[in-house]
Amino acid sequence: MDKLIDKLTIALPDDWHLHVRTGSILKTVIRHSARQFGRAIIMPNLKPPITSVEQALLYRNEILAALPADSAFQPLMTLYLTGNTSSEEIQKVAESEHVHAFKLYPAGATTNSDAGVGNIEAVYPLFAAMEKHGVPLLIHGEVTNAEYDIFDREKIFIDSQLSQITQQFPALRIVAEHLTTLEAVQFVEAANDNVGATITPQHLLYNRNAILAGGIRPHFYCLPILKREHHRQALLKAATSGNPKFFLGTDSAPHPTSLKENACGCAGCYSAHAALELYAEAFEQAGALDKLEGFASFHGADFYRLPRNTGTITLEKNSWSVPAQYEDTDNRITPLKAGEQLHWQLTAACNG
(Lines give C-alpha, C1' and ligand atoms only; values in the text may rest on other atoms or scores of the structure.)
Protein backbone atom coordinates (compact mmCIF):
# COMPACT_ATOMS: atom_id res chain seq x y z
CA MET A 1 0.00 0.00 0.00
CA ASP A 2 1.16 3.57 -0.70
CA LYS A 3 2.98 4.75 2.42
CA LEU A 4 2.09 8.36 1.57
CA ILE A 5 -1.62 7.81 2.22
CA ASP A 6 -2.95 10.58 4.47
CA LYS A 7 -6.57 9.49 5.01
CA LEU A 8 -8.04 6.09 5.81
CA THR A 9 -11.71 5.12 6.23
CA ILE A 10 -12.50 1.64 7.53
CA ALA A 11 -15.50 -0.22 8.87
CA LEU A 12 -16.22 0.59 12.51
CA PRO A 13 -13.83 -1.61 14.54
CA ASP A 14 -14.26 -3.50 17.81
CA ASP A 15 -11.95 -4.06 20.77
CA TRP A 16 -11.87 -7.75 21.69
CA HIS A 17 -10.01 -7.27 25.00
CA LEU A 18 -10.73 -4.25 27.18
CA HIS A 19 -10.53 -3.30 30.86
CA VAL A 20 -12.72 -0.41 32.01
CA ARG A 21 -12.79 -0.97 35.79
CA THR A 22 -15.65 0.50 37.80
CA GLY A 23 -16.62 3.72 39.57
CA SER A 24 -14.89 6.99 38.70
CA ILE A 25 -12.20 5.37 36.52
CA LEU A 26 -14.89 3.74 34.39
CA LYS A 27 -16.54 7.11 33.81
CA THR A 28 -13.22 8.58 32.71
CA VAL A 29 -12.07 5.85 30.34
CA ILE A 30 -15.20 4.44 28.72
CA ARG A 31 -15.68 7.47 26.48
CA HIS A 32 -12.28 6.84 24.90
CA SER A 33 -13.29 3.38 23.73
CA ALA A 34 -16.82 4.43 22.79
CA ARG A 35 -15.62 7.13 20.39
CA GLN A 36 -13.79 4.66 18.14
CA PHE A 37 -15.24 1.16 18.68
CA GLY A 38 -18.67 -0.32 18.11
CA ARG A 39 -18.26 -3.03 20.73
CA ALA A 40 -15.73 -4.37 23.21
CA ILE A 41 -15.19 -7.58 25.12
CA ILE A 42 -15.10 -6.43 28.74
CA MET A 43 -12.74 -8.19 31.12
CA PRO A 44 -14.22 -9.48 34.40
CA ASN A 45 -11.24 -9.09 36.78
CA LEU A 46 -12.79 -6.63 39.18
CA LYS A 47 -12.66 -6.92 42.97
CA PRO A 48 -14.65 -9.06 43.60
CA PRO A 49 -14.52 -10.71 40.16
CA ILE A 50 -17.54 -11.03 37.87
CA THR A 51 -18.39 -14.73 38.16
CA SER A 52 -22.11 -14.95 37.33
CA VAL A 53 -24.42 -13.82 34.55
CA GLU A 54 -26.37 -11.75 37.05
CA GLN A 55 -23.23 -9.88 38.14
CA ALA A 56 -22.21 -9.36 34.51
CA LEU A 57 -25.57 -7.81 33.66
CA LEU A 58 -25.30 -5.41 36.60
CA TYR A 59 -21.80 -4.46 35.48
CA ARG A 60 -23.07 -3.98 31.94
CA ASN A 61 -25.72 -1.57 33.23
CA GLU A 62 -23.04 0.41 35.06
CA ILE A 63 -21.02 0.69 31.85
CA LEU A 64 -24.04 1.75 29.80
CA ALA A 65 -24.92 4.41 32.40
CA ALA A 66 -21.38 5.84 32.14
CA LEU A 67 -21.54 6.28 28.35
CA PRO A 68 -22.35 9.56 26.64
CA ALA A 69 -26.09 9.84 25.98
CA ASP A 70 -25.70 9.56 22.21
CA SER A 71 -23.32 6.56 22.26
CA ALA A 72 -24.21 3.31 20.48
CA PHE A 73 -21.24 1.45 22.01
CA GLN A 74 -22.06 -2.07 23.21
CA PRO A 75 -20.16 -3.78 26.05
CA LEU A 76 -19.87 -7.53 25.50
CA MET A 77 -19.56 -9.15 28.91
CA THR A 78 -17.44 -12.05 30.13
CA LEU A 79 -17.27 -14.15 33.29
CA TYR A 80 -14.22 -14.89 35.41
CA LEU A 81 -13.57 -18.64 35.44
CA THR A 82 -12.89 -20.16 38.86
CA GLY A 83 -12.78 -23.63 40.34
CA ASN A 84 -16.30 -22.95 41.63
CA THR A 85 -17.80 -22.16 38.23
CA SER A 86 -20.70 -24.54 37.54
CA SER A 87 -21.86 -26.20 34.34
CA GLU A 88 -25.20 -24.47 34.96
CA GLU A 89 -23.49 -21.07 34.78
CA ILE A 90 -21.89 -22.06 31.49
CA GLN A 91 -25.31 -22.91 30.09
CA LYS A 92 -26.59 -19.52 31.29
CA VAL A 93 -23.79 -17.84 29.36
CA ALA A 94 -24.68 -19.84 26.25
CA GLU A 95 -28.26 -18.60 26.56
CA SER A 96 -27.39 -14.98 27.41
CA GLU A 97 -27.67 -12.21 24.85
CA HIS A 98 -25.09 -10.06 26.60
CA VAL A 99 -22.50 -12.46 28.09
CA HIS A 100 -20.19 -13.93 25.47
CA ALA A 101 -17.28 -15.85 27.02
CA PHE A 102 -15.32 -17.00 30.06
CA LYS A 103 -11.89 -15.63 30.92
CA LEU A 104 -9.22 -17.96 32.32
CA TYR A 105 -6.63 -16.32 34.53
CA PRO A 106 -3.99 -18.63 35.95
CA ALA A 107 -3.93 -17.70 39.64
CA GLY A 108 -1.45 -14.88 40.21
CA ALA A 109 -0.77 -14.18 36.54
CA THR A 110 -1.81 -10.52 36.41
CA THR A 111 -3.97 -7.78 37.95
CA ASN A 112 -6.74 -9.14 40.19
CA SER A 113 -6.03 -12.74 39.24
CA ASP A 114 -5.77 -14.14 42.77
CA ALA A 115 -9.17 -15.81 42.36
CA GLY A 116 -8.03 -17.50 39.15
CA VAL A 117 -7.44 -21.14 38.41
CA GLY A 118 -4.58 -22.86 40.25
CA ASN A 119 -4.85 -26.31 38.67
CA ILE A 120 -6.00 -26.00 35.07
CA GLU A 121 -6.59 -29.73 34.61
CA ALA A 122 -9.09 -29.57 37.49
CA VAL A 123 -11.37 -27.37 35.36
CA TYR A 124 -11.27 -29.61 32.29
CA PRO A 125 -14.92 -30.61 32.95
CA LEU A 126 -15.79 -26.92 32.56
CA PHE A 127 -13.91 -26.79 29.26
CA ALA A 128 -15.98 -29.77 28.11
CA ALA A 129 -19.16 -27.89 29.01
CA MET A 130 -17.98 -24.79 27.12
CA GLU A 131 -17.14 -26.95 24.13
CA LYS A 132 -20.61 -28.52 24.27
CA HIS A 133 -22.40 -25.16 24.48
CA GLY A 134 -20.16 -23.27 22.04
CA VAL A 135 -18.97 -20.77 24.67
CA PRO A 136 -15.54 -19.23 23.94
CA LEU A 137 -12.68 -19.53 26.43
CA LEU A 138 -10.37 -16.51 26.61
CA ILE A 139 -6.96 -17.37 28.02
CA HIS A 140 -4.25 -15.33 29.70
CA GLY A 141 -1.53 -17.71 28.61
CA GLU A 142 1.28 -17.64 31.16
CA VAL A 143 2.54 -20.01 33.79
CA THR A 144 2.94 -18.41 37.20
CA ASN A 145 5.51 -20.63 38.93
CA ALA A 146 8.19 -18.45 40.50
CA GLU A 147 11.02 -20.60 39.14
CA TYR A 148 10.17 -19.71 35.53
CA ASP A 149 11.75 -16.64 33.94
CA ILE A 150 9.12 -13.97 33.29
CA PHE A 151 10.20 -13.70 29.64
CA ASP A 152 9.60 -17.44 29.10
CA ARG A 153 6.23 -17.83 30.80
CA GLU A 154 4.07 -17.55 27.69
CA LYS A 155 6.06 -20.15 25.75
CA ILE A 156 6.05 -22.55 28.70
CA PHE A 157 2.28 -22.16 29.06
CA ILE A 158 1.79 -22.98 25.39
CA ASP A 159 4.01 -26.04 25.61
CA SER A 160 2.67 -27.37 28.92
CA GLN A 161 -0.97 -26.24 28.98
CA LEU A 162 -2.45 -24.71 25.83
CA SER A 163 -1.28 -27.45 23.47
CA GLN A 164 -2.88 -30.01 25.78
CA ILE A 165 -6.15 -28.06 26.03
CA THR A 166 -6.49 -27.80 22.25
CA GLN A 167 -5.81 -31.53 21.87
CA GLN A 168 -8.29 -32.53 24.56
CA PHE A 169 -11.02 -30.13 23.37
CA PRO A 170 -10.64 -29.67 19.60
CA ALA A 171 -14.04 -28.01 19.19
CA LEU A 172 -13.55 -25.54 22.05
CA ARG A 173 -13.40 -21.97 20.77
CA ILE A 174 -10.28 -20.39 22.28
CA VAL A 175 -8.85 -16.88 22.13
CA ALA A 176 -5.18 -16.74 23.08
CA GLU A 177 -5.10 -13.25 24.54
CA HIS A 178 -2.44 -10.59 24.01
CA LEU A 179 0.20 -12.65 22.21
CA THR A 180 3.79 -11.63 22.87
CA THR A 181 6.07 -14.23 21.26
CA LEU A 182 7.02 -15.80 17.95
CA GLU A 183 6.18 -19.19 19.45
CA ALA A 184 2.64 -18.03 20.31
CA VAL A 185 2.13 -16.78 16.76
CA GLN A 186 3.32 -20.09 15.35
CA PHE A 187 1.04 -22.03 17.69
CA VAL A 188 -2.05 -20.06 16.67
CA GLU A 189 -1.19 -20.31 12.97
CA ALA A 190 -0.87 -24.10 13.24
CA ALA A 191 -3.98 -24.63 15.39
CA ASN A 192 -7.42 -25.38 13.98
CA ASP A 193 -9.89 -22.64 13.09
CA ASN A 194 -11.41 -22.67 16.60
CA VAL A 195 -8.26 -20.91 17.93
CA GLY A 196 -7.83 -17.17 17.44
CA ALA A 197 -5.72 -14.51 19.11
CA THR A 198 -5.64 -10.85 20.07
CA ILE A 199 -2.62 -8.56 19.76
CA THR A 200 -2.16 -5.28 21.62
CA PRO A 201 -0.77 -1.99 20.29
CA GLN A 202 2.09 -1.95 22.79
CA HIS A 203 3.32 -5.37 21.68
CA LEU A 204 3.27 -4.22 18.04
CA LEU A 205 5.10 -0.95 18.73
CA TYR A 206 7.60 -1.76 21.47
CA ASN A 207 10.07 -4.35 22.65
CA ARG A 208 11.42 -4.80 26.18
CA ASN A 209 13.90 -1.96 25.78
CA ALA A 210 10.95 0.39 26.24
CA ILE A 211 10.67 -0.77 29.86
CA LEU A 212 14.32 -1.13 30.76
CA ALA A 213 16.64 0.92 28.55
CA GLY A 214 17.65 4.24 30.05
CA GLY A 215 15.89 3.57 33.34
CA ILE A 216 12.79 1.71 34.44
CA ARG A 217 9.71 3.14 32.72
CA PRO A 218 6.66 1.70 34.49
CA HIS A 219 4.04 2.85 32.01
CA PHE A 220 5.36 0.30 29.51
CA TYR A 221 5.12 -2.50 32.07
CA CYS A 222 2.31 -4.93 31.26
CA LEU A 223 1.68 -8.64 31.53
CA PRO A 224 2.56 -10.57 29.52
CA ILE A 225 5.68 -8.44 29.51
CA LEU A 226 7.17 -6.93 26.35
CA LYS A 227 9.67 -9.28 24.73
CA ARG A 228 12.70 -9.12 22.40
CA GLU A 229 12.60 -7.36 19.02
CA HIS A 230 12.29 -10.56 16.97
CA HIS A 231 9.09 -11.36 18.87
CA ARG A 232 7.72 -7.88 18.13
CA GLN A 233 8.48 -8.38 14.45
CA ALA A 234 6.67 -11.75 14.49
CA LEU A 235 3.60 -10.14 16.04
CA LEU A 236 3.64 -7.31 13.51
CA LYS A 237 3.90 -9.81 10.66
CA ALA A 238 0.96 -11.81 12.04
CA ALA A 239 -1.24 -8.75 12.61
CA THR A 240 -0.60 -7.40 9.11
CA SER A 241 -0.79 -10.77 7.34
CA GLY A 242 -4.53 -10.75 6.70
CA ASN A 243 -4.84 -14.06 8.58
CA PRO A 244 -8.33 -14.01 10.18
CA LYS A 245 -7.03 -15.80 13.28
CA PHE A 246 -5.48 -12.52 14.51
CA PHE A 247 -7.57 -9.56 15.60
CA LEU A 248 -7.52 -6.35 17.61
CA GLY A 249 -7.54 -6.49 21.40
CA THR A 250 -6.00 -3.51 23.14
CA ASP A 251 -5.84 -4.96 26.66
CA SER A 252 -6.10 -1.28 27.61
CA ALA A 253 -5.78 -1.33 31.39
CA PRO A 254 -6.27 1.91 33.32
CA HIS A 255 -4.38 2.22 36.60
CA PRO A 256 -3.93 5.35 38.68
CA THR A 257 -0.55 6.91 37.99
CA SER A 258 0.26 6.59 41.69
CA LEU A 259 0.00 2.80 41.44
CA LYS A 260 2.13 2.62 38.30
CA GLU A 261 4.85 4.94 39.63
CA ASN A 262 5.18 2.96 42.81
CA ALA A 263 7.75 0.84 44.64
CA CYS A 264 5.77 -2.14 43.31
CA GLY A 265 4.28 -0.74 40.14
CA CYS A 266 1.22 -2.54 38.77
CA ALA A 267 0.99 -4.11 35.31
CA GLY A 268 -0.98 -2.62 32.45
CA CYS A 269 -0.77 -0.05 29.65
CA TYR A 270 -3.55 2.46 29.09
CA SER A 271 -4.09 2.74 25.33
CA ALA A 272 -7.84 3.37 24.89
CA HIS A 273 -7.29 7.11 24.46
CA ALA A 274 -5.64 6.53 21.05
CA ALA A 275 -6.07 2.86 20.24
CA LEU A 276 -6.77 3.15 16.52
CA GLU A 277 -4.09 5.78 16.07
CA LEU A 278 -1.54 3.50 17.74
CA TYR A 279 -2.50 0.54 15.57
CA ALA A 280 -2.39 2.73 12.46
CA GLU A 281 1.13 3.79 13.37
CA ALA A 282 2.22 0.16 13.67
CA PHE A 283 0.54 -0.92 10.43
CA GLU A 284 1.99 2.07 8.57
CA GLN A 285 5.49 1.15 9.79
CA ALA A 286 4.92 -2.29 8.26
CA GLY A 287 3.63 -0.80 4.99
CA ALA A 288 0.31 -2.58 5.56
CA LEU A 289 -2.38 0.03 6.19
CA ASP A 290 -4.58 -1.90 3.75
CA LYS A 291 -4.64 -4.78 6.27
CA LEU A 292 -5.84 -2.68 9.21
CA GLU A 293 -9.55 -2.97 8.41
CA GLY A 294 -9.57 -6.77 8.48
CA PHE A 295 -7.58 -6.92 11.71
CA ALA A 296 -9.60 -4.18 13.45
CA SER A 297 -13.09 -4.55 12.03
CA PHE A 298 -13.73 -8.01 10.58
CA HIS A 299 -11.66 -10.87 12.01
CA GLY A 300 -12.83 -10.58 15.62
CA ALA A 301 -16.50 -10.22 14.75
CA ASP A 302 -16.28 -13.26 12.51
CA PHE A 303 -14.54 -15.32 15.21
CA TYR A 304 -17.18 -14.42 17.80
CA ARG A 305 -19.92 -15.14 15.23
CA LEU A 306 -21.32 -11.63 15.50
CA PRO A 307 -22.38 -9.36 12.63
CA ARG A 308 -19.80 -6.93 11.33
CA ASN A 309 -20.47 -3.29 12.16
CA THR A 310 -22.11 -1.18 9.48
CA GLY A 311 -20.60 2.17 10.49
CA THR A 312 -17.19 3.61 9.63
CA ILE A 313 -14.35 5.57 11.18
CA THR A 314 -11.90 7.87 9.47
CA LEU A 315 -8.26 8.43 10.40
CA GLU A 316 -6.21 11.24 8.95
CA LYS A 317 -2.48 11.93 8.92
CA ASN A 318 -2.31 14.73 11.44
CA SER A 319 0.26 15.04 14.21
CA TRP A 320 -1.05 15.73 17.70
CA SER A 321 0.30 15.60 21.24
CA VAL A 322 -0.96 12.92 23.61
CA PRO A 323 -1.96 14.46 26.94
CA ALA A 324 0.41 13.83 29.82
CA GLN A 325 -2.49 12.56 31.91
CA TYR A 326 -6.22 12.02 32.02
CA GLU A 327 -7.87 12.99 35.29
CA ASP A 328 -11.10 12.50 37.21
CA THR A 329 -12.02 13.61 40.70
CA ASP A 330 -10.21 10.65 42.27
CA ASN A 331 -7.44 9.54 39.93
CA ARG A 332 -4.85 10.49 37.35
CA ILE A 333 -4.09 8.03 34.53
CA THR A 334 -0.93 8.23 32.44
CA PRO A 335 -1.62 7.01 28.88
CA LEU A 336 0.67 5.21 26.48
CA LYS A 337 2.83 7.76 24.63
CA ALA A 338 2.03 10.42 27.24
CA GLY A 339 3.41 13.79 26.09
CA GLU A 340 4.57 12.36 22.76
CA GLN A 341 3.42 12.94 19.19
CA LEU A 342 1.09 10.63 17.30
CA HIS A 343 0.86 11.03 13.55
CA TRP A 344 -2.61 9.63 12.92
CA GLN A 345 -5.78 11.07 14.36
CA LEU A 346 -9.36 9.85 14.46
CA THR A 347 -11.41 12.57 12.75
CA ALA A 348 -14.83 11.00 12.17
CA ALA A 349 -16.95 8.09 13.31
CA CYS A 350 -20.32 6.92 12.08
CA ASN A 351 -22.16 4.11 13.87
CA GLY A 352 -24.24 3.27 10.80
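**Exercise 1.** Over the ring of which residue does the charged end of Arg308 sit?

*Solution.* The model is predicted. Start from the charged end of Arg308. The ring beneath is that of Phe298, with its centre 4.1 Å away. The cut-off for a charge over a ring is 6 Å from the centre. A further case involves Arg208: its charged end sits over the ring of Phe151, 4.6 Å from the centre.

**Exercise 2.** Classify the aromatic pair of Phe127 and Phe169, then place both residues in the fold.

*Solution.* Step one: geometry. A ring pair is described by centre distance and plane angle. For Phe127 and Phe169 the values are 5.8 Å and 90°. Planes over 60 degrees apart count as edge-to-face, so this pair is edge-to-face.

Step two: location. Phe127 belongs to helix α4 (residues 124–133). Phe169 lies in the loop between α5 (153–168) and β7 (174–176). The pair therefore ties together parts 42 residues apart in sequence.

Step three: burial. The cut-off is under 20% relative accessible area. Phe127 has 0% and is buried. Phe169 has 7% and is buried.

Step four: context. The structure holds ten aromatic pairs. Ring pairs also link Trp16, Phe247, Phe303 and Tyr304 into a cluster.

**Exercise 3.** Work out which strands stand at the edges of the open eight-stranded sheet.

*Solution.* Write the order: β2-β3-β4-β5-β6-β7-β8-β9, with parallel pairing. β2 (15–18) and β9 (246–248) each have a single partner strand, so one side of each lacks a neighbour in the sheet. These two are the edges. Neighbouring strands are turned by 30° against each other on average, direction ignored. Now add α5: this helix packs on the sheet and touches β6 (137–139), β7 and β8 (195–199).

Definitions and conventions: Residues numbered from 1 in each chain as written. Predicted model: local features only at pLDDT ≥ 70, side-chain atom pairs only at ≥ 80, totals over all residues. Heavy atoms only, no water. Phe/Tyr/Trp six-rings, centres within 6.5 Å; stacked < 30°, edge-to-face > 60°. Helix = DSSP H or I, 4+ residues; strand = E, 2+ residues; numbered from the N terminus. Buried < 20%, exposed > 50% of the residue type's maximum accessible area, 1.4 Å probe, protein only. Lys NZ or Arg CZ within 6 Å of the ring centre and 35° of its normal. Pairing = 2+ DSSP bridges. Axes fitted to C-alpha atoms, helices over the stretch in contact; angles between N-to-C directions. Contact = heavy atoms within 4.5 Å.
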